[in-house]
Amino acid sequence: MINKLLADYFGENVPLEERNLNLAMMFFYDTFALALVYGLYLRLDLPFYILTIAVVLIVTICYSYILRYEKYNTGAFIIGMLVTMVELPGAHYFDGRLISAVLVFFTLGFLFCIFNINGKLLLISVVLSAISFSMSCIGLYMLHYREKPYDLARTSILFDVVIPVAICLIYTDRALSIKQRIHQREVDKAVKEGKKAEDMNRAKDLFLMNMSHEMRTPMNAIISATDLIEDKAVNNAVKQHISYIKNACNALVSTIDDLLVFSKVENSRLELINAEYDTGMLFEDIINMIAVRLMDRDVGFYVHLDANMPSVLYGDSAKLRQVFINVLNNSVKYTNEGHIGLKVSIEKTDNDNEVILRADVEDTGIGIKEEDMPRLFKAFERLDDREHESMKAEGTGLGLSICKTILDGMGGSINVRSRFNRGSVFSFEVKQKMVDSTLMSHIDDNSSLNVLVFEDDEMKTEMIRLALTESKVKVVCAGDSPEFNELLKNGKYTHILISLDKYKEEEERLEGCGIKCVILSDINRADEVPKNADRIARPVNILNLSEYFNRTEEVAKKDETRSFMCPNARVMVIDDNKTNLFVAEGLLKRYGMNVISVLSGREALNLISDLKFDMIFIDYMMPGMDGIDTLNAIRDNKQAWCRSVPCVVLTADAADGARQMLLNAGFDDYISKPIRVDRLAVSIYQLIDPKLIEWQTEEKTEAV
Ligand code: ADP
């Protein structure tokens, strides 16, 4: 019977909260019973028993209410208040003393509140109990002690001290142990949930990485195959359409990159992968990408890069590039006419090894309303502007939030000034460590140059004037045709930088002038430039200006990486995907190489025992033996050349850390898919035995 009762009220199946309450109630009932017995012993008046029994009844009703509806907190609050606000003053009043069962009601009530009530109700109950106890003491003093003096003879050490103290101590001990178990259970639950969330995040990351890989793999095939066609296309219309395909593909690749970063950002795990980077390459890449996007748009693109830009900085260049691309892409998306300007400046800090990189991206687009500004950098927020419905076609609403998070993570900042329907200026800045303070671009022979500029409009002219003047090159600019003639007649120039349209107008005059003419044209009009004329592609900036003026035989060769060949080289490509293999093979054959492709690491190992290769390209994600296993197996081969043959990993895995992980694994280079022709060229040029490189002077093309 007792065992059954114990099992029903305190068994393992009873929830811990209920056990806690049952324990408290057991002590309460004991105390009530004790109070009644002690009351009889003290011969208290009848109202004491009536009050106590009434409280017991109400407490019992509350108790069953709690058990039935599992409202532990409110139920316990009512019980606590009944005991400390009703029974306690009542017992005080009838008992007429400060010790005995009276004290146990206060102490037990107080402990009951602490162990059974949570949150705000706990605070209220503790305060009310304390007030009730103080009021009872004052009331008692006024009513009893003044009239009848304290009757010591009625005091019993056992009832007044030993039993109440024992009750409270035993209750506290038991209640504490249950509370501890409740706490432990909550900790365990939180740990379990945390682990579950972590597992889910990991699964999500993995999923995103796989998705990114799955999307990049076909993208690789599309972009690279398009490169191959572009290379052979002589027809302008075909070239134009190819550029549309490439443009769309690049946009898709940046969205994939944004999603990857967003998954990290969302989990507050944005990792910065800092490394030395070449500022010239970074800006060239950014400028080209945006210039291609603007190709058939009636929107100008002006670039000004600080002449003091150091050539090598240290930071996470991939993320920085993403910020530039996202902000510039927005300007492209939200500008229908006018221009987009990119200005990058550099500022010294107190620390000699550190600079502040500052960029302003200005556009004459649709602008942003004042009231929309606060939503601009929030994830998934796109501003709803019906007047410009046509311009809302693409976008995830992630771009700017990612920029902000990346810049915050790098200790930088971004802000915007905008006027609705007029345009916007996005400015951001970030500190970067300086590795090499030599200038990113510098015109070496500046003192001997004297340049006459005749561009289509004032802004374009100004950009060139600024870049050349900052490089200490003598420059004069013509605003219109008569001024151009005047300047041409009266000056001695080493070069004339002239826009394609102006060149067409002035062609006859220029033919016999004996001055080197450099034609400035948009990238999509390169074909219109006469074959023997020099050309600089717009937007003209210090990078392409210095590249043009500094060009020596060797540099020209390096830049025109497509013009070298390796006809005596034998290379192997290992990839489980036939389309990718075909594409990589096509790209490599352009260098006249003897390309052998295999579908797995195993096949590759069979081959290397018979044939010697000059370079090996290995896909990372392959079933069975992956890229790293294959690399290790090649390096372990006993033939000496296997230990030194340049091995380049090709992978669609663009996730953070992949590059470093693969380089640490021993690859000589990492090329992410979609494979960019220029990137591939750099890799071959840098890694292959120089004896195998032969320079070409003419490029052969074939009609499509
Ligand atoms: P998305 O461009 O993918 O919608 P973003 O986070 O990059 O997402 O931008 C959020 C919103 O801010 C855009 O939807 C657009 O309404 C507005 N916005 C961003 N850049 C510009 C800009 N240069 N001119 C006008 N509005 C812009």
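This tour moves through a predicted model, from its domains to a sheet, a core and one serine.

**The domains**

Begin by colouring the chain by domain, since the protein is divided into domain 1 (2–155), domain 2 (272–439), domain 3 (446–550) and domain 4 (564–695). If you then select domain 3 and domain 4 together, you are looking at two domains whose C-alpha centres lie 43 Å apart.

**The sheet**

Next, select residues 474–477 and 534–537, which are strand S9 and strand S12, the edge strands of an open sheet, each of them pairing on one side only. The sheet as a whole has 5 strands, placed in the order S9-S8-S10-S11-S12 with parallel pairing. As you rotate the view, notice that neighbouring strands of this sheet are turned by 25 degrees against each other on average, direction ignored. Strands of a sheet pair through backbone hydrogen bonds, and they may do so in a parallel or an antiparallel way.

Now add strand S11 (residues 516–521), which pairs with S12 in the parallel sense over 4 bridges; leucine 520 stands opposite isoleucine 536 in S12.

Two helices can be added to this picture. Helix H12 (residues 458–470) packs on the sheet, where it touches strand S8 (450–454), S9, strand S10 (495–499) and S11, and its direction makes about 165 degrees with that of S9. Helix H14 (residues 500–511), in turn, lies across S8, S10 and S11 and runs at about 130 degrees to S10.

**The cores**

Select Phe283, Phe301, Leu468 and Leu497, the residues that touch the most other members of the largest nonpolar core, which has 69 residues. This core lies between domain 2 (272–439) and domain 3 (446–550), because both of them give residues to it. Centre the view on phenylalanine 283 and show what surrounds it: leaving aside neighbours within four places in sequence, it is in contact with Leu305, Met309, Phe324, Val344, Leu357, Met440 and Leu543. A second, separate core has 46 residues, among them Ala24, Leu34, Val59 and Ile182.

**Serine 424**

Finally, select serine 424, which is found in strand S7 (residues 423–439). Is this serine buried or exposed? With a relative accessible area of 6%, serine 424 is buried, because the limit for that term is under 20%. Its side chain makes a polar contact with the side chain of serine 418, at 3.0 Å. Apart from neighbours within four places in sequence, the residues in contact with serine 424 are Val361, Glu362, Asp363, Gly367, Ile368, Arg417 and Ser418.

Note on methods:
Residues are numbered from 1 along each chain as its sequence is written. This is a predicted model: local features need pLDDT of at least 70, side-chain atom pairs count only at pLDDT 80 or more; totals for chains, interfaces and linings use all residues. Side-chain values use heavy atoms; hydrogens and water are left out. A nonpolar core is a set of buried Ala, Val, Leu, Ile, Met, Phe, Trp, Tyr and Cys residues joined through side-chain atoms within 4.5 Å. Buried means under 20% relative accessible area, exposed over 50%, partly exposed in between (1.4 Å probe, protein chains only). Domain bounds come from an automatic or database domain assignment. Contact means heavy atoms within 4.5 Å. A polar contact is a pair of N or O atoms within 3.5 Å; within protein, one must be able to donate a hydrogen and the other to accept it, and residues adjacent in sequence count only if both atoms are side-chain atoms. Two strands pair if DSSP finds at least two bridges between them. Axes are lines fitted to C-alpha atoms, for helices over the stretch in contact, and angles run from 0 to 180 degrees between N-to-C directions.
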